[in-house]
Amino acid sequence: MSMKPFPMNLNFKTGELTPNDRTNIRKLSDMKGMFLDSEAERRILEKDDPLIYSFSEKVLPEENGHLQIATTTIHPGKIGDEYHMTKGHYHRRPDTSEMYLGLEGEGCLLMQTVEGDFESITIRPGTVAYIPPYWGHRMVNTGRTPYIFFAVYPGDAGHNYGDIEKTGFLKILIERNGKPLLIDNPRWKK
Ligand SMILES: [Fe+2]
């Protein structure tokens, strides 16, 4: 028997997806070493373990032909000069794509390939970004309010954090004179 069709509700203001099966949280301690300023990370973790982002998902089969559906909220803030961001990943099946829809707040989508290509797209409410196969992706909250977006990707895409956990992305987004600035990541190795 095949799965039956079903509706969900997406709150465009809060990103709340109902019904959802799972909400995952990522605190600073879950992202140790991913922000460039390790001294700032250490100082913050001495007193606190701030929530960086959370995402809610509907559990669907991780199979070719299905889709995965999720909403993510990145809380505003910085570690040193670097804005709060998602861990970022490639897909375990690298020939799969993804679609992001901005709902609230302002952010930036960073994308790269293993060959060293890099692209960024500013995301505002209503921006639809298409991430083609083979592009790793990370979202960054460059605003002062929660940054909320909706994502759809193939059921069997999976996640591959790989070297991103160790060396990060080619470029990082920092605040300079109150504005976002993309700079080369000194730790990135091809
Ligand atoms: Fe993805």
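1. Six strands form an open sheet with antiparallel pairing, in the order 3-4-5-13-8-11. Strand 3 (22–27) and strand 11 (128–131) are at its edges with a single partner strand each, so one side of each has no neighbour in the sheet. From one strand to the next the twist averages 20 degrees. Strands here are DSSP runs of E with at least two residues, helices are runs of H or I with at least four, and both are numbered from the N terminus. Two strands count as paired if DSSP finds at least two bridges between them.

2. This is a predicted model, in which local features need pLDDT of at least 70 and side-chain atom pairs count only at pLDDT 80 or more, while totals for chains, interfaces and linings use all residues. Residue numbers start from 1 along each chain as its sequence is written.

3. Within the six-stranded sheet, strand 3 runs antiparallel to strand 4 (residues 51–58), and six bridges join the two. T23 has S56 of strand 4 opposite it. Ahead of strand 3 comes a loop that starts after strand 2 (17–18) and contains P19. The peptide bond from T18 to P19 is cis, with omega near -10 degrees.

4. A second open sheet has three strands in the order 10-9-12, again with antiparallel pairing. Its edge strands, strand 10 (118–123) and strand 12 (136–141), each pair on one side only. Here too the twist averages 20 degrees from one strand to the next. Strand 9 (residues 107–112) and strand 12 run antiparallel and are joined by six bridges. Two of the facing residues are worth locating: M111 has H137 as its bridge partner in strand 12, and C108 stands opposite V140.

5. Is strand 12 enclosed or open to the outside? Six of its six residues are buried, so strand 12 is largely enclosed by the rest of the structure. A residue is called buried if 20 or more other C-beta atoms, placed from the backbone, lie within 10 Å of its own, exposed if there are 12 or fewer, and partly exposed in between. G136, R138 and V140 point one way from strand 12, and H137, M139 and N141 point the other way. In a regular strand the side chains alternate between the two faces of the sheet.

6. The largest nonpolar core has 23 residues. Such a core is a set of buried Ala, Val, Leu, Ile, Met, Phe, Trp, Tyr and Cys residues joined through C-beta atoms within 7 Å. Those with the most contacts inside this core are I74, C108, L109, L110, M139, V140 and F149. Two or more residues come from each of strand 4, strand 8 (98–104), strand 9, strand 12, strand 13 (147–154) and strand 14. Strand 9 gives the most, with four residues.

7. Which residues does I74 contact, leaving aside neighbours within four places in sequence? They are I52, Y53, H84, M85, T86, G107, M139, N141 and Y147. A contact means that the two C-beta atoms, placed from the backbone, lie within 7 Å.

8. L173 belongs to strand 14 (residues 171–176). L173 counts as buried because it has 23 C-beta neighbours inside 10 Å. Apart from residues up to four places away in sequence, L173 touches E82, Y83, C108, V140, T142, P180 and L182. One of these, V140, is 33 residues from L173 in sequence, yet the two are 7.6 Å apart in space, C-alpha to C-alpha.

9. K47 lies in helix 1 (residues 38–47). K47 is exposed because 7 other C-beta atoms lie within 10 Å. K47 and R26 are 21 residues apart in sequence and 17 Å apart in space, C-alpha to C-alpha.

10. Two loop residues have a positive phi although neither is a glycine. Y134, in the loop between strand 11 and strand 12, has a phi of about 80 degrees. Y134 is partly exposed, with 17 other C-beta atoms within 10 Å. N177 is in the loop between strand 14 and strand 15 (179–184) and has a phi of about 50 degrees. With 5 C-beta neighbours inside 10 Å, N177 is exposed.

11. On the chain as a whole: there are two helices and 15 strands. The C-alpha trace spans about 55 × 35 × 30 Å along its principal axes. Buried residues account for 27% of the 190 residues. Of the contacts between residues at least 6 apart in sequence, 70% join residues at least 24 apart.

Key. Axes are lines fitted to C-alpha atoms, for helices over the stretch in contact, and angles run from 0 to 180 degrees between N-to-C directions.
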